[in-house]
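I opened the notebook on this entry to look up a few points about the model. The structure goes in first, then my notes.

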Amino acid sequence: MKKTARIAAVVSIAALTLAACGERSNDEADDASSTPSASSSAPAPAEQVDFKACMVSDSGGFDDKSFNQTSHDGMENAATNLGVQTGEVESQSDSEYGDNIEALVSQGCNSITTVGFLLGDATLAAAKKHKDVDFSIVDFAYEKAPKNVKGLTFNTNENSFLAGYLAAATSESGTVGTLGGMNIPTVTIFMEGFRQGVEKYNEDEGADVQLLGWDGKSGSFTDDFEDKTKGQAIAEQMIGQGADVVFPVAGPAGLGALQAAKDADVDAIWVDTDGCVSAAEYCDVLLTSVVKAMDVAVEEAIAASLNDEFSNEVYVGTLENGGVSLADLSDDVDSEVADKIEELKEQIISGELEVK
Amino acid sequence: MSPETPEQAPAPEEQATGTDPKPEEAQVERADPRNPVSWLPTLVETAVAIAVALVIGALLVVLSDQDALEALAYLFTYPADFFNAAWDAIWSSYSALVRGSVGSGDRLATTLERAAPLICAGLGVSLAFRAGLFNIGATGQMVFGFLAAGYVGFTWDLPPVLHMLVALVAGVVAGALYGGLVGLLKARTGAHEVITTIMFNYLAASILLYALSKDAFQRPGSDNTQSPPVADSATFGSVADVHLGVVLAFLAAGGVWWLLERSTLGFELRAVGSNPDASRTAGMNVSKVFTVGMLLAGALAGLASTMQVLGDQSSLSPTLAGNIGFDAITVALLGRATPLGTVLAGLLFGALSVGGVAMQASAGTPKELAQVLQALIVLFVAAPALVRGLTRMRSSASGSTVQAKGWGG
Amino acid sequence: MRLEIKGLTKRFGSFTANDSIDLTIEPGEIHCLLGENGAGKSTLMNMLYGLLDPTEGQIVVDGEPVTFASPRDAIAAGIGMVHQHFMLVPVFSVAENVMLGREHTRGLGVLNRRKAAETVRELSSRYNLAVDPDALIEDLPVGVQQRVEIIKALSHDAKVLILDEPTAVLTPQEIDELMEIMRELKRQGTSIIFITHKLREVKAVGDKISVIRRGKVVGTAPPTASETELAEMMVGRAVQLVVDKEPANVGEEVLSVENLTVVDPRGHQVLKDVTLAARGGEVLGIAGVQGNGQTELVKALLGLVRPDAGTIRLDGEDITRHGPRESLDAGIGYVPEDRSHDGYVGDFSVRENLILDLYRTDGFSRGLALRLDAIEQNADARIKEFDIRTESPETPVRSLSGGNQQKVVVAREFSRPLKVLVAAQPTRGVDVGSIEFIHKRIVAERDRGTAVVIVSTELDEIYALADRIAVMYDGRVVGVVGPETPREEIGLLMAGAGAGTTAATGTDTEVEA
């Protein structure tokens, strides 16, 4: 048929044209190929081992500038430091988690990390089905986990407590604020720790620093981890009510809160990662960051699996094991306050001080 | 301006009498369902769109492949290296795409299950299209389906089969009511359905979030915004390795076809969709048709929601609807708003989605590629003129017929 | 200027719209182009005016072959065109409209309105057009708006003026005035190509008549040729111009309208206190210039427009509040004036359109299910009975010719028992052969005892069909007269002379049809 022939011709012409485009993009290609090697050049890559570490994101995807991304960094670090191969699938919707884990299993992954509580059911089901694969799940723990599933959780209330104390001690207006991405435990645990830190300061110093955005039960939420404008709007409102330190726990949406802080020239505290690295343009308004080292936990779980040391014992990131921490304090912080924070940290590690 | 009513009949002179040979226009616009030959241009256009999308996709695969890019740097010295690397990358990606989606019975089952909600929601959008309504609200309608089917599924205690049926009906009815409300608003107040469905999507998302913050929808002992999965007694049983929902999706497609082509209601839907004024003059109740059209569209979206909740046994979460509601629009567009076309487009998208995961898992191709393929296919289908230009299927300028319009004569 | 068209051909795909057309327009000649709708007149003019490229052939101006890439070239060559639908900006003045597109400016982009006004005044007095350059277009009657279009063309120094169906929108008086203007233009050396399908006008003003049929010039005739001869040339066979009808056998009053008033959404009273009655077995013709309330009257009769006051009775029963569905079910047949808008669904097949308002009856559906066999039989029968020229019953109606589209609508409405037939512009845009057929059917329906209401802006049609004539002006019925009333008298009524009001000034009467 004539049409068929025409289409065939067109397709081959298109292919040729595209190939021609490819030639012209020579220079860009050079850049593109050299960039990744430059970025991963710091430690010398470890020797390749016959072990495949894999990861499934939740529907946020690995580029979420939040816990998917940090977890993904952990797998990348494992590849660099331990020499393991990697495989990954980004989920597009909640109903495909099971299929996505299966797809990785069929690729011969030895260890699979799933990110987020939404994957809890699917991970458990897959673990029961594939006993020879080690599963770890970020931000989730089972009451009774099978032998090949490890929950990775973080006592972020501990470092948030320190952040709360720091905020209260730094505040001049006597008002500080926090806001969350969604009213879920993995978010409110930060806010609750922060609240207790503020209270601790009030008790110790007989002060009356007010906390906006969280009262222990309910608070201010963006209901969205993506939309910066929502984070900004809530933070602006808090600053309007006198808050001079804001603590957003809302993933990328929290960047809006940093912008609000910058605009109003007040302080802020970043969450999950060291803001002076991940959001460097806001470093000058940051007192510190409440770091949740998911990348470290993920890498450790992969290492354990590689070295046949894997167990179903829940990993709990604490101040003690460095799974949670405060990033370096800003230079603006009084040395007295800094010392006090260090003291509180020791008390928490020793068990003398308990954060609920 | 001129009080004379323009003769709007788009019957330019070249279409003088019925017995004269007509220009291509009429044949391209409307495929006669009984005449397979009339489908050919549509089929060819779609096939070309898919082929072009795959070619562009192949280019992207090469450009995102490390080995191929490295070889590109010394293309002129060792051209074979580049082409080998490029071919490897394309082959491994596309073979993973095919193997991962239809390579085995198991994969095929996954594809069918992934396609089922797309087909149902796509049918809802198609049906609304035919009634002249642009239903952007499949997402919101699905959310209401989730809430109803899910609640019945994990809260009530009923015997198997009955439990499933009740949950299924609950999901369908909830979607229908939410869709019907949009139709009612349009019929009563003239509120444009594009605006209301978009707003209703936001509204539904907020309601879902609110429900998931309440104990009634949360898992016992957990404060996460995640419901329990529905009870086993409420799940779709399996039919030949796929859940019953897949069968329901195909039945729904058959039902929509019958409704549109063989029933008085479908006659009204299509008439109103094509020319509401003439329909009103012919005694049809246009308001009723809008309401019923959206009601049915919502019911189909509700059916789609049960595929996830009762079929995959997924828990309710704020992101459960994902992109299905919007992909449904694309599926309907690609399927030319016909039931058969919607089914085929839904299957294609289901395969791309499942195969896309396989590409990521085995070939390391970014997930975006599957999405880019979907987008490109739709782009080329939605821009038939572009594809026609590429294939030179029509050499005569279509502009000339446009000019001749409205010249009385 | 001498304009020659030599072997001009235009093909669309495999279809030939114009087949090797030869015409010569001598300077100062009124050359009539006569042809049915769809004969190819507009395609030819589109090529002359640079809107379409000829497939073959030549346009020769004063012995020089020319090609027109766009209307701009055609205008530069001295060709002007007055479209059937005017291209004027309603809120601009006459002068502003005339200078539109090539504004006279005085440095720095300041518009020179004075110069434009002068141009208008000069052309107006030279050709006796009586147009005030400062009047706003929206305030002017249609006939004057048309003259503004003519001035626009003349201001570009047009030597050949194409008038595309210029009389379709005019009252009989305005038509006479236009004829006078055409003669004046001719006297001063402007050639005119006058496109029409109305035989009387051709004979009244033409110097030479060329007849186009199916894309070919089938002959030329002097203006002395008889109307029958011209009609035969146009249609290609003998046609009967006068409808044979027996005297009406008038029965009971079937439809009565009392004090009907309709206010449109903008607050204008478009129908004012109208009282009418239609009796079984007679044709009531409603004459009037377009936009004087006829549209609202027929829509109110069917229930598409809710009257604000007054009553409509069918066989004594009050149907004022009925919607279209009840009205149709009660036995009103309805042929809308704009068939593509209200009469059929263009994407639907002939078969489907033939049951557009019948699908819900027992004959064509059972429960929810359509009865395909019955629908098919109905389509085959109607297509045969009404001689609908279509490739197949599956063909979408939009691809039929205007005449056949109208036959589909008429066939559908006549395929059920009627008490009243309301037909608005039943033959607008329909070829002569179909007009003859539709008129016969309307008379046959009358003879079955149906009350028939015909709304037409064509007086010829009213005369051909009506047993009584009601004339509407400015939303009122200004007179009900017998069919023997002279044309001039009805013309005066149409212009509002009988209503005791001033001449139409546009505002209130301009209603979207």
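In which sense do strand E9 and strand E10 of chain C pair, parallel or antiparallel? I looked this up first, keeping in mind that the model is predicted. Strand E9 (residues 160-164) and strand E10 (residues 191-196) of chain C pair in the parallel sense, over 5 bridges. For a single pair I took C:Asp164, whose bridge partner in E10(C) is C:Ile195.

Next I traced the sheet that holds these strands. In chain C, 6 strands form an open sheet, and I read their order as E6-E9-E10-E3-E11-E12. The pairing in this sheet is mixed. I noted strand E6 (79-82) and strand E12 (216-221) of chain C as the edge strands, since each pairs on one side only. Ignoring direction, neighbouring strands of the sheet are turned by 20° against each other on average.

I then looked for a helix against this sheet. Helix H5 of chain C, residues 142-155, lies across E6 and E9 of chain C. Its direction is at about 165° to E6(C).

Domains of chain C came next. I found three listed: domain 1 covers 3-235, domain 2 covers 240-331 + 417-513, and domain 3 covers 351-415. Between domain 1 of chain C and domain 3 of chain C I noted 39 Å from C-alpha centre to C-alpha centre.

I turned to chain A for its domains. Domain 1 of chain A is made up of 52-154 + 296-317, and domain 2 of chain A of 157-290. The centres of these two domains, taken over C-alpha atoms, are separated by 30 Å. Where they touch, I found 8 residues of domain 1 of chain A in contact with 6 residues of domain 2 of chain A. The domain 1 side of this contact in chain A has 2 nonpolar, 3 polar and 3 charged residues.

Last, I went through the confidence values. How high is the mean pLDDT of chain A? I noted 86, with 87% of the residues of chain A at 70 or more. Residues 1-42 of chain A have a pLDDT below 50, and in the model this stretch has 30 contacts beyond near neighbours in sequence. Chain C averages a pLDDT of 86, and 94% of its residues score at least 70. In chain C I marked residues 499-513, where pLDDT stays under 50 and the model has 37 contacts beyond four places in sequence. For the model I entered ipTM 0.78 and pTM 0.78.

Technical notes
Residues numbered from 1 in each chain as written. Chains lettered and ligands numbered in written order. Predicted model: local features only at pLDDT ≥ 70, side-chain atom pairs only at ≥ 80, totals over all residues. Domains from an automatic or database assignment. Contact = placed C-beta atoms within 7 Å. Nonpolar A, V, L, I, M, F, W, Y, C, P; charged D, E, K, R; others polar. pLDDT = per-residue confidence, 0-100. Pairing = 2+ DSSP bridges. Helix = DSSP H or I, 4+ residues; strand = E, 2+ residues; numbered from the N terminus. Axes fitted to C-alpha atoms, helices over the stretch in contact; angles between N-to-C directions.
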